[in-house]
Amino acid sequence: MEAGSSRDVLQHVEQFWSMLDDLADSDPAAYKTFIQRQLRDAKEQCTPPEPHISLHTKILVPEEKDLFINVCKWNMIPAPQSHADPVPLGAGRLEEVAREADLYKVFDIAYNPVVLKLAEEDATEMDQLIRLAMKYIEETHKVRLCHSYQIANFKLKGSLKRMRDNLKGFQTPSAVVKEERTNGTEASLLHQIKNISVQGSVQGREQEVSHPIRLLNEDSGQRPKRCLIEEISSSEVPEKDLPTPHYELSIVKAETGESKTLELKVELPELTSVSECDLSISTDDVSLEAPGKYKLHLDLPLSVNEEAVTAQFNKVNRTLLVTMPGL
């Protein structure tokens with residue numbers, strides 16, 4: 001460590017203790033509240049990750065295999081400072097599990113509890129977090145996933161101990177870690193003490209120091225979309241990195257009888273004609289590719305009659321509607 005950095009740290013420590021002493025003398029109630037809050041925060045930070053939901057999907061490349069993604073909540077993962085910031089995450093290793101004749105992969109990923117609580121109230125937010133997890137797996141482990149998924153009826157695939165051990169060595173993006181270290185504990189504590197010292201205690205009640213997290217746009221009352229994916233400046237995108245278009249897959253039940261129909265709506269804003277894409281459908285999956293622009297592969301939740309499939313492309317809103325009657 002450089003001499004200048006050491007002096008800065010010592011100066012912060014001395015300032016910190018001096019302000020604590022002054023606060024204890026001038027406002028014992030605020031001092032007590034501050035210390036209790038720090039102890040409570042420290043206890044929360046030490047809690048282990050807890051299971052939230054488990055997802056079932058598939059690895060398609062390099063080898064087809066079942067994949068379970070355990071989405072966990074963990075206070076160790078910081079919450080984004082604003083909705084314009086990327087969402088921090090912690091991730092373990094991609095592990096292979098063999099149980100009798102069953103062979104599958106498991107991946108554990110963790111978000112801050114505040115992020116998951118917000119997503120529980122908004123299905124779109126939850127879907128974005130799931131897509132972010134899947135994109136992270138693809139980029140980190142060089143695999144291609146089926147982008148359709150099912151939420152399992154259990155919260156955790158595998159044992160609780162295995163999941164916690166796997167997440168112990170998690171990594172977050174270096175920019176997030178650097179920001180936390182630079183602007184985090186010391187500066188945050190000093191800022192809190194300064195605020196208490198200046199504002200004092202509100203007469204008749206204790207004033208508690210808090211770490212506000214802005215969840216809503218204060219002007220409009222609407223929740224802005226998070227920036228989850230970095231833009232790629234290069235005009236040439238490798239085929240394996242083509243973006244997945246936004247889509248909706250729904251099951252439509254017939255008014256009479258047991259027959260069902262799948263409807264797939266795909267938004268293709270960069271296309272002007274259906275001739276710019278290739279659509280391939282089998283009884284149990286669908287693939288769509290627009291060379292240099294989009295790539296989509298889905299495993300279908302039910303078998304369809306590929307001979308009766310119809311597709312319509314709306315040139316106005318540039319949306320492709322695929323109707324697939326079930327068998």
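This passage walks through the nonpolar cores, aromatic pairs, salt bridges and one histidine of a predicted model.

The nonpolar interior makes a convenient starting point. In soluble globular proteins, nonpolar side chains tend to be buried together. In this model, the largest nonpolar core has 25 residues. Within this core, the residues with the most contacts are Leu-67, Ile-69, Val-71, Ile-109 and Tyr-111. Two or more residues are given to the core by each of the strands E1 (50-61), E2 (65-73), E3 (90-99) and E4 (102-111), and likewise by helices H3 (113-120) and H4 (123-141). Helix H4 supplies the largest share, seven residues. Apart from this core lies another, of 20 residues, with Leu-288, Ala-290, Tyr-294 and Val-304 among them.

Tyr-111 deserves a closer look. Leaving aside residues up to four places away in sequence, Tyr-111 touches Val-71, Cys-72, Lys-73, Trp-74 and Ile-77, along with Val-87, Pro-88 and Leu-89. The list of its contacts is completed by Leu-116, Leu-129, Leu-132 and Ala-133.

Aromatic rings come next. Across the whole structure, three aromatic pairs are found. One of them joins Phe-68 and Tyr-104 in an edge-to-face arrangement, 5.4 Å centre to centre and with 75° between the planes. This pair links distant parts of the chain, as Phe-68 belongs to strand E2 and Tyr-104 to strand E4, 36 residues apart. Both Phe-68 and Tyr-104 are buried. Phe-68 also pairs with Phe-154, this time in a tilted arrangement, at 6.3 Å centre to centre and 40° between the planes. Phe-154 sits in the loop between strand E6 (150-151) and helix H5 (160-167), whereas Phe-68 is in strand E2, so this pair ties together parts that are 86 residues apart in sequence. The two rings of the tilted pair can also be set side by side for accessibility. Phe-68 has a relative accessible area of 10% and is therefore buried, while Phe-154, at 31%, is partly exposed.

Taken together, Phe-68, Tyr-104 and Phe-154 form one aromatic cluster. A lysine accompanies two of these rings. Lys-157 lies over the face of Phe-68, 4.4 Å from the ring centre, and also over the face of Tyr-104, 4.8 Å from the ring centre.

Charged pairs add a further set of links, and the count comes to 12 salt bridges. In one of these salt bridges, Glu-96 meets Lys-65, with the closest N and O atoms 2.7 Å apart. Because Glu-96 lies in strand E3 and Lys-65 in strand E2, the pair ties together parts that are 31 residues apart in sequence. Glu-96 counts as partly exposed at 46% relative accessibility, whereas Lys-65 is buried, with a relative accessible area of 12%.

A salt bridge between Arg-162 and Glu-95 likewise brings its closest N and O atoms to 2.7 Å apart. Here Arg-162 comes from helix H5 and Glu-95 from strand E3, so that distant parts of the chain, 67 residues apart, are linked. Arg-162 has a relative accessible area of 18% and is buried, and Glu-95 counts as buried too, at 16% relative accessibility.

Another salt bridge, between Lys-161 and Asp-165, has its closest N and O atoms 2.8 Å apart. Both residues lie in helix H5, four residues apart, which is about one turn of the helix. Lys-161 is exposed, with a relative accessible area of 60%, and Asp-165 is partly exposed, at 32%. Beyond individual pairs, salt bridges that share partners join Glu-63, Lys-65, Glu-96 and Lys-105 into one network.

The final site is His-147, located in the loop between strand E5 (144-145) and E6. Its relative accessibility is 16%, and since buried means under 20% relative accessible area, His-147 counts as buried. The side chain of His-147 is joined to that of Thr-244 by a polar contact of 2.9 Å. Setting aside residues up to four places away in sequence, the residues that His-147 touches are Arg-131, Met-134, Glu-138, Thr-244, Tyr-247, His-297 and Leu-298. Thr-244 thus appears both as a polar partner and in this list of contacts.

How values were computed. Residues are numbered from 1 along each chain as its sequence is written. This is a predicted model: local features need pLDDT of at least 70, side-chain atom pairs count only at pLDDT 80 or more; totals for chains, interfaces and linings use all residues. Side-chain values use heavy atoms; hydrogens and water are left out. A nonpolar core is a set of buried Ala, Val, Leu, Ile, Met, Phe, Trp, Tyr and Cys residues joined through side-chain atoms within 4.5 Å. Buried means under 20% relative accessible area, exposed over 50%, partly exposed in between (1.4 Å probe, protein chains only). Contact means heavy atoms within 4.5 Å. Rings of Phe, Tyr and Trp (its six-membered ring) pair if their centres lie within 6.5 Å; planes under 30 degrees apart count as stacked, over 60 as edge-to-face and the rest as tilted. A charge sits over a ring if NZ of Lys or CZ of Arg is within 6 Å of the ring centre and within 35 degrees of the ring normal. A salt bridge is a side-chain nitrogen of Lys or Arg within 4 Å of a carboxyl oxygen of Asp or Glu. A polar contact is a pair of N or O atoms within 3.5 Å; within protein, one must be able to donate a hydrogen and the other to accept it, and residues adjacent in sequence count only if both atoms are side-chain atoms.
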